[in-house]
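Here's a walk through one fold, from its sheet to its core. Have the model open and follow along.

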Amino acid sequence: MNLDLSDYFSQTLALYKSPSQVARKVTETWASDNLYCPRCGLPLHQYKNNTEVFDFYCDHFDQKFMFIPSPAKDNFQLKGTKSFPHNHFPSTITGAEYHTTLASLEHGLFPSLILLHYELKRKEVQDGLFIHRLSVTLNSIRARTPLTENARRSNWTGTKILLNGIPEIGKIPIISESSIVPKEIVMEKWLSVERILQGNLDRRGWISAVMMVIDKLPELFSLNDIYAYQPYLEQQYPNNRHIRDKIRQQLQILREKGQLKFVGRGKYLKSNH
Ligand SMILES: [Zn+2]
């Protein structure tokens with residue numbers, strides 16, 4: 001993997017005028033040349049057709065070995081951001097039309113995301129993340145307020161994807177502060193998301209919500225520490241009258257998946273560290 005974007009910029013600047021087009025082309029070409037599928041490790045394929053809603057895919061098919069570890073195809077969408085001095089990624093990223101996004105989440109068609117953060121002066125990729133599609137739930141998206149009267153009338157509503165509405169487990173670093181994370185670590189993390197965040201959107205929503213609370217707690221925490229976040233979960237699930245039962249159910253799942261250890265007296269230990 002080569003983090004230098006200079007050649008990509010010089011090739012692209014000759015072809016495109018608008019800065020946003022240049023940025024798009026540079027990050028797209030770089031990703032196509034350098035990124036791999038986090039599930040099987042093969043190079044990502046780029047969708048050539050502009051009408052496609054996704055940017056990359058992998059069918060996990062190795063021609064040499066004729067081996068398909070999984071029948072499902074993984075889709076990826078690329079989001080690039082220019083330098084933010086103190087904040088590597090913005091807290092929200094722009095998604096597609098809101099109702100389309102809701103439908104794609106409900107039907108399990110929402111893609112995994114690739115976030116790239118690059119430094120324009122040094123022309124270098126500095127940070128990269130895969131966001132596993134299973135970690136994106138209704139907790140992670142919000143409708144955008146239409147900006148103009150015209151937009152309101154046409155009924156087109158955009159989506160905001162909230163990075164803090166995604167549990168840490170789903171945000172898998174590929175590059176961190178200009179250093180490349182070993183591929184086997186990325187692939188291991190990818191598989192652990194698939195092991196833990198299973199089931200339909202509602203089930204994944206609950207487990208993600210409780211994991212986001214646990215992300216905020218120290219390594220050793222108590223059931224009461226989680227209950228302290230009950231008002232926050234009630235906000236997300238206003239119709240649920242059994243929030244505490246739901247919390248305990250998620251903790252049980254996380255124990256079964258080896259993410260938590262019960263150490264007695266209502267205390268839990270995070271076991272992924
Ligand atoms: Zn693959």
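A residue is called buried here if 20 or more other C-beta atoms lie within 10 Å of its own. Keep in mind that this is a predicted model. By that cut-off, the buried residues of helix 6 are R204, G205, W206, I207, S208, A209, V210, M211, M212, V213 and I214.

**Helix 6 and what it packs on**

Let's stay with helix 6. Does its length add up, and what is the expected span of its 16 residues? At 1.5 Å a residue they should cover 22 Å, and the end C-alpha atoms sit 23 Å apart, which agrees.

The buried residues of helix 6 pack against helix 7 (223-227), helix 8 (230-236), helix 9 (243-256) and strand 13 (267-270). With helix 9, the packing angle is about 85° and the axes are 10 Å apart. The two helices are therefore roughly perpendicular to each other. On the helix 6 side, W206, I207 and V210 make the contact, while helix 9 brings K246, I247, Q250 and I253. Leaving out residues up to four places away in sequence, V210 touches I247 and Q250.

**The core**

V210 also turns up in the largest nonpolar core, a set of 46 residues: together with A31, I114, F130 and I131, V210 touches the most other members. Several elements give two or more residues to this core, among them helix 2 (19-34), strand 3 (74-81), strand 5 (112-119), strand 6 (124-131) and helix 5 (183-196). Helix 6 supplies the largest share, 8 residues. As background, nonpolar side chains tend to be buried together in soluble globular proteins.

**The sheet**

Now for the sheet. It is open, has 7 strands in the order 1-2-3-5-6-9-10, and its pairing is mixed. Strand 1 (45-46) and strand 10 (179-180) stand at the edges with a single partner strand each, so one side of each has no neighbour in the sheet. Helix 2 packs on the sheet and touches strand 1, strand 2, strand 3, strand 5 and strand 6; its direction makes about 135° with that of strand 3.

How covered is strand 5? Mostly: 7 of its 8 residues are buried. Three of the strand pairings look like this:

| Strands | Sense | Bridges |
|---|---|---|
| strand 3 and strand 5 | parallel | 6 bridges |
| strand 5 and strand 6 | antiparallel | 7 bridges |
| strand 9 and strand 10 | antiparallel | 2 bridges |

If you want to check the register by eye, F76 has S112 of strand 5 as its bridge partner. L116 stands opposite G128 in strand 6, and I175 faces I180 in strand 10.

**Two positive phi angles**

Strand 5 and strand 6 form a hairpin with 4 residues between them, and K123 lies in the turn. K123 isn't a glycine, yet its phi is positive, at about 50°. Is K123 buried, partly exposed or exposed? It has 16 C-beta neighbours inside 10 Å, so K123 counts as partly exposed.

E177 is another residue other than glycine with a positive phi, near 45°. Where is E177? Its place is in the loop between strand 9 and strand 10. Only 9 C-beta neighbours fall inside 10 Å of E177, so E177 counts as exposed.

Definitions and conventions
Residues are numbered from 1 along each chain as its sequence is written. This is a predicted model: local features need pLDDT of at least 70, side-chain atom pairs count only at pLDDT 80 or more; totals for chains, interfaces and linings use all residues. A nonpolar core is a set of buried Ala, Val, Leu, Ile, Met, Phe, Trp, Tyr and Cys residues joined through C-beta atoms within 7 Å. A residue is buried if 20 or more other C-beta atoms lie within 10 Å of its own, exposed if 12 or fewer, and partly exposed in between; C-beta atoms are placed from the backbone. Two residues are in contact if their C-beta atoms, placed from the backbone, lie within 7 Å. Two strands pair if DSSP finds at least two bridges between them. Axes are lines fitted to C-alpha atoms, for helices over the stretch in contact, and angles run from 0 to 180 degrees between N-to-C directions. The expected span of a helix is 1.5 Å times one less than its number of residues. Angles under 35 degrees count as roughly parallel, over 145 as roughly antiparallel, 65 to 115 as roughly perpendicular and the rest as oblique.
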